[in-house]
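Please open the model in your viewer and keep the selection panel at hand. The tour goes from stop to stop, each time saying what to select and what is to be found there.

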Amino acid sequence: MKKIIADRTSKIDASGIRKVFALAATLKDPINFSIGQPDFDVPEPLKEEAIKAIKAGQNKYSQTAGDALLKEKISELVKKEIGWDRPAVLVTSGVSGGLLLAFMSLINPGDEVIIPDPYFVMYKHLVNMLGGRCVFVDSYPAFQLPLEQISKAITSRTKIIVVNSPCNPTGVVYSEEQIKALAKIAAEKDLLVITDEIYDKFCYDGSCPSIANYYDKTLLMRGFSKTYAMTGWRLGYVTVHESLQDIIEQMTKIQQYTFVCAPSPFQKAAMAALDYDVSDFVVVYRKKRDLIFEGLSDKFELVKPGGAFYAFVKAPAGGSATEFVEKAIANNVLVIPGNVFSEKDTHFRISYATSDEKIQQGIEILRGLA
Ligand code: PMP
């Protein structure tokens with residue numbers, strides 16, 4: 001088999017997560033803290049928009065870069081929020097699609113990409129698969145932007161800095177001050193920034209600043225999956241300042257020969273989604289955040305998450321996070337070991353996107369294992 005499988009597949013390791021899911025399959029009614037999606041369903045009016053689009057026959061390919069009206073609506077939003085006058089927009093198959101197209105368009109073998117550790121798994125594997133080199137900068141234990149280490153990590157091969165705020169897996173939101181400082185570092189070395197803001201609406205203590213507001217050499221990625229609980233609809237977008245338009249053109253070219261376009265009836269529904277107010281969900285999720293933080297912080301070391309729906313908790317002393325996760329799973333609580341998102345194996349990720357009742361039960365069990 002080895003002979004037929006391409007070498008690049010060996011650069012991807014999905015075994016960490018698979019192990020958890022294999023263990024999960026053996027459990028009857030687990031407390032599932034492993035899920036990376038909201039526990040509410042797509043709001044009814046948005047479902048209606050999708051159904052309407054399907055019934056109206058809007059089921060064919062859209063333009064490669066996305067439905068013109070949706071792109072226009074995204075442009076207006078970006079103009080208003082970011083202040084770019086004529087942003088270039090590409091509608092993608094989720095932020096995942098945007099990340100793949102961006103890295104494919106930008107990375108040559110040997111190019112270095114700076115990634116704060118812990119990180120969303122996909123960055124590492126995509127960069128590796130394309131022959132790039134991930135340069136991880138440790139952000140433990142506070143998970144703020146490690147600005148000094150980022151500066152030190154820059155070499156002549158550095159091309160991109162990736163930021164993700166609110167962050168998966170830590171839930172940390174970078175402050176305006178940190179974001180501005182990063183913009184300054186990137187500007188000094190003329191580097192590109194990719195900002196993954198898929199959790200931008202899940203922001204609990206004030207606003208989540210975007211580096212796009214301070215730095216034009218930024219690829220801004222936002223999604224519909226988490227905000228409107230439509231992870232299966234596969235929608236996201238990438239937008240850039242007009243001076244980077246060529247990047248969007250190259251990404252569109254690759255989309256043409258890979259994804260072709262994002263799912264077209266859902267692009268129609270996405271227009272309505274952009275006008276849909278999710279603040280009630282955010283209130284509910286803020287309460288869940290409080291529940292998990294107050295329930296665990298006297299027994300475990302954890303930074304109070306400011307956004308997303310994750311908490312990144314230090315495993316008790318005396319063993320690795322993987323060992324602790326195995327113990328938690330044996331006690332019916334599914335969590336993900338930190339080494340899936342990190343070069344370290346000291347923490348575990350909790351997703352609190354589940355019912356308050358399950359959160360309470362999970363807290364009790366984890367406290368018993370502390
Ligand atoms: N970025 C981050 C940080 C994520 O957590 C996820 C989903 N887990 C994605 C991107 C990809 O999301 P999607 O492709 O559904 O838009």
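For the first stop, a residue is counted as near a molecule if one of its heavy atoms lies within 4 Å of that molecule. Please keep in mind throughout that the model is predicted.

**Stop 1: the ligand and its shell**

Select the ligand and then the residues around it, which number 13, with S96, D196, Y199, S225 and R234 coming nearest. If you colour this shell by class, you will find 5 nonpolar, 5 polar and 3 charged residues. Among the elements, α4 gives the most to the shell, with 3 residues, and you can pick out this helix by selecting 94–106.

Now show the side chains of N168, S225 and K226, and look at the polar atoms that face the ligand in each of these contacts. In the side chain of S225, an N or O atom is 2.6 Å from an oxygen atom of the ligand. The side chain of N168 has an N or O atom 2.8 Å from an oxygen atom of the ligand, whereas for K226 the partner is a nitrogen atom of the ligand, 2.8 Å from an N or O atom in the side chain. Taken alone, the ligand exposes 400 Å², and the protein buries 91% of that area.

**Stop 2: the largest pocket**

Which space does the ligand take? Hide the ligand, and what you are looking into is the largest pocket, which holds about 570 Å³ of space. Its lining consists of 26 residues, and F120, V121, M122, N168 and K226 are those that lie nearest the centre; N168 and K226 are worth keeping on display, since you have already seen the side chain of N168 at 2.8 Å from a ligand oxygen and that of K226 at 2.8 Å from a ligand nitrogen.

Next, select 15–24, 94–106 and 121–129, which are α1, α4 and α5, each supplying at least two residues of this lining. The element that gives the most is α5, with 4 residues. Coloured by class, the lining shows 13 nonpolar, 9 polar and 4 charged residues.

**Stop 3: the second largest pocket**

Move on to the second largest pocket, with a volume of about 360 Å³. Of the 20 residues that line this pocket, select D13, S15, G16, I17 and V340, which are the closest to its centre. Two or more lining residues come from each of α1, α5 and α11, the last of which you can select as 321–330. Here α1 gives the most, with 6 residues, and the lining divides into 10 nonpolar, 5 polar and 5 charged residues.

**Stop 4: the cavity**

How many cavities of 30 Å³ or more does the structure hold? There is 1 such cavity, and the volume of the largest cavity is about 60 Å³. To display its lining, select I115, P116, P118, Y119, F120, Y123, V162, V163, N164, C167, N168 and Y174. The elements that give two or more of these residues are β3 (112–117) and β5 (158–164), and the largest share, 3 residues, comes from β5. By class this lining has 10 nonpolar and 2 polar residues, with no charged residue present. F120 and N168 are part of this lining, and both also belong to the residues that lie nearest the centre of the largest pocket.

**Stop 5: backbone features in three loops**

Finally, switch to a backbone view and select N168 together with P169, where the joining peptide bond is cis, with omega near 25°. P169 is found in the loop between β5 and α7, the latter spanning 176–189.

Another cis peptide bond runs from Y140 to P141, with omega near -5°, and P141 lies in the loop between β4 (133–138) and α6 (147–153).

The last residue to select is A229, which is not a glycine and yet has a positive phi, near 55°; look for A229 in the loop between β7 (218–223) and β8 (236–240).

Definitions and conventions: Residues are numbered from 1 along each chain as its sequence is written. This is a predicted model: local features need pLDDT of at least 70, side-chain atom pairs count only at pLDDT 80 or more; totals for chains, interfaces and linings use all residues. Side-chain values use heavy atoms; hydrogens and water are left out. On a 1 Å grid over the protein atoms alone, a cavity is a set of points where a 1.4 Å probe fits but cannot get out, and a pocket is an open set with protein on both sides within 12 Å along at least five of seven lines; lining residues have an atom within 4 Å of a point. Grid points are joined across faces, edges and corners, and a volume is the space filled by probe spheres set on the points. Ala, Val, Leu, Ile, Met, Phe, Trp, Tyr, Cys and Pro count as nonpolar, Asp, Glu, Lys and Arg as charged, and the others, Gly among them, as polar. A polar contact is a pair of N or O atoms within 3.5 Å; within protein, one must be able to donate a hydrogen and the other to accept it, and residues adjacent in sequence count only if both atoms are side-chain atoms. Accessible areas come from the Shrake-Rupley method with a 1.4 Å probe; for residues, only the protein chains shown count as cover. A molecule sits in a cavity or pocket if more than half of its atoms lie within 2 Å of its grid points.
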